[in-house]
Structure formats: C-alpha cells, structure tokens
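I opened a new page for this structure. My plan is to look up a few local features and then the sheet, the helices and the side-chain pairs.

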Amino acid sequence: MAGKKITRADLVEAVYQDIACERKVIQQVVESFLEQLKKSLAEANPVELRGFGSFDIRLRSGREKARNPKTGEILSVAPRYTAVFKPGQELKKELGSYPVES
C-alpha cells in the first residue's frame, strides 16, 4: 500500500483541483495552517481536528548511555519533547477499510 509521498505542492495542487481559487492563495492558506499548527504545539497547546485526529506533544525520556550507530561512540541523550499524532475515529474507520497487503 506504500504509495507516492505527498508534498506541500501536491496538497496545494489537489486543493486547487477541488476549488476554483488561485494557487497562490491556496499555498498561503496551507502555509498559514502549518505555521499555526507548529505555533500551537510549541506553546504546548494540543490541536484537535474532529474527524481527522489530534496533534499533541510528549516528553521523550533521555538516556545516559546511547550509541551513535555510525561511529559506535557512546554518548548521553537529553530528554526532549516530540510531536505525536493520534488519528480520529473517522480516519481510523477509513484506513481500516483498505485491504492488508502481504
């Protein structure tokens, strides 16, 4: 089921095909949406898009001993925040309808 990776330009083009609006305006809306999403998460505010899913941040614990796989060097990793996505029920239902490839 692995398909083509979708980029921002692909999203802009898909929206352009759906509605009669200038590409430049659609691109500004997409960019603004993504900036607001990043800004909200940076301020520790979760973002919920009903029917699609929610974005939140979680603290990943650090480790005293970690190994750089390229050099084999042992180093420590500090705790840090990371963004997580939890799909909504409608998205789960939509994804569950696809056949499983073996």
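**Entry 1: an alanine in a loop**

I started with Ala44, which is found in the loop between H2 and E1. The model I am reading is predicted. I looked up the backbone of Ala44 and found a positive phi of about 65°, although Ala44 is not a glycine. I then checked its accessibility, and at 47% relative accessibility Ala44 counts as partly exposed.

**Entry 2: the sheet**

I asked in what order the strands of the sheet come. Three strands form an open sheet in the order E1-E2-E5, and the pairing is antiparallel. Strand E1 (47-49) and strand E5 (80-87) stand at the edges with a single partner strand each, so one side of each has no neighbour in the sheet. From one strand to the next, the twist averages 30°.

I looked at one pairing in detail. Strand E2 (residues 53-60) pairs with E5 in the antiparallel sense over eight bridges. I noted one position: Ser54 stands opposite Lys86 in E5.

**Entry 3: the helix across the sheet**

I followed helix H2 (residues 23-42) and saw that it lies across E1, E2 and E5. Helix H2 runs at about 40° to E2.

**Entry 4: salt bridges**

How many salt bridges does the structure hold? It holds five. I wrote down three of the pairs, as follows.

I took Arg8 and Glu31, whose side chains meet in a salt bridge at 2.8 Å, N to O. Arg8 lies in helix H1 (residues 8-18) and Glu31 in helix H2, so this pair ties together parts that are 23 residues apart in sequence. Arg8 is partly exposed at 41% relative accessibility, and Glu31 is partly exposed with a relative accessible area of 27%.

I then took Lys38, which forms a salt bridge with Glu35, the closest N and O atoms being 3.0 Å apart. Lys38 and Glu35 are separated by about one helical turn, because they are three residues apart in helix H2. I listed Lys38 as partly exposed at 47% relative accessibility and Glu35 as partly exposed with a relative accessible area of 42%.

The third pair I noted is Arg50 and Glu48, whose side chains meet in a salt bridge at 3.0 Å, N to O. Arg50 is exposed, with a relative accessible area of 74%. Glu48 also counts as exposed, at 51% relative accessibility; the cut-off for exposed is over 50%.

**Entry 5: aromatic rings**

I counted two aromatic pairs. Phe52 and Phe85 form a tilted pair, 5.4 Å centre to centre with 50° between the planes. Phe52 lies in the loop between E1 and E2 and Phe85 in strand E5, so the pair ties together parts that are 33 residues apart in sequence. I found Phe52 partly exposed at 39% relative accessibility and Phe85 partly exposed at 37%.

Phe55 and Phe85 also form a tilted pair, 4.9 Å centre to centre with 50° between the planes. Phe55 lies in strand E2 and Phe85 in strand E5, so this pair ties together parts that are 30 residues apart in sequence. I checked whether Phe55 is buried or exposed. Phe55 is buried, with a relative accessible area of 17%. Ring pairs link Phe52, Phe55 and Phe85 into a cluster.

**Entry 6: a charge over a ring**

Last, I looked up Arg23 and Tyr16. The charged end of Arg23 sits over the ring of Tyr16, 3.8 Å from the ring centre.

Key: Residues are numbered from 1 along each chain as its sequence is written. This is a predicted model: local features need pLDDT of at least 70, side-chain atom pairs count only at pLDDT 80 or more; totals for chains, interfaces and linings use all residues. Side-chain values use heavy atoms; hydrogens and water are left out. Two strands pair if DSSP finds at least two bridges between them. Helices (H or I, at least four residues) and strands (E, at least two) are DSSP runs, numbered from the N terminus. Axes are lines fitted to C-alpha atoms, for helices over the stretch in contact, and angles run from 0 to 180 degrees between N-to-C directions. Contact means heavy atoms within 4.5 Å. Buried means under 20% relative accessible area, exposed over 50%, partly exposed in between (1.4 Å probe, protein chains only). A salt bridge is a side-chain nitrogen of Lys or Arg within 4 Å of a carboxyl oxygen of Asp or Glu. Rings of Phe, Tyr and Trp (its six-membered ring) pair if their centres lie within 6.5 Å; planes under 30 degrees apart count as stacked, over 60 as edge-to-face and the rest as tilted. A charge sits over a ring if NZ of Lys or CZ of Arg is within 6 Å of the ring centre and within 35 degrees of the ring normal.
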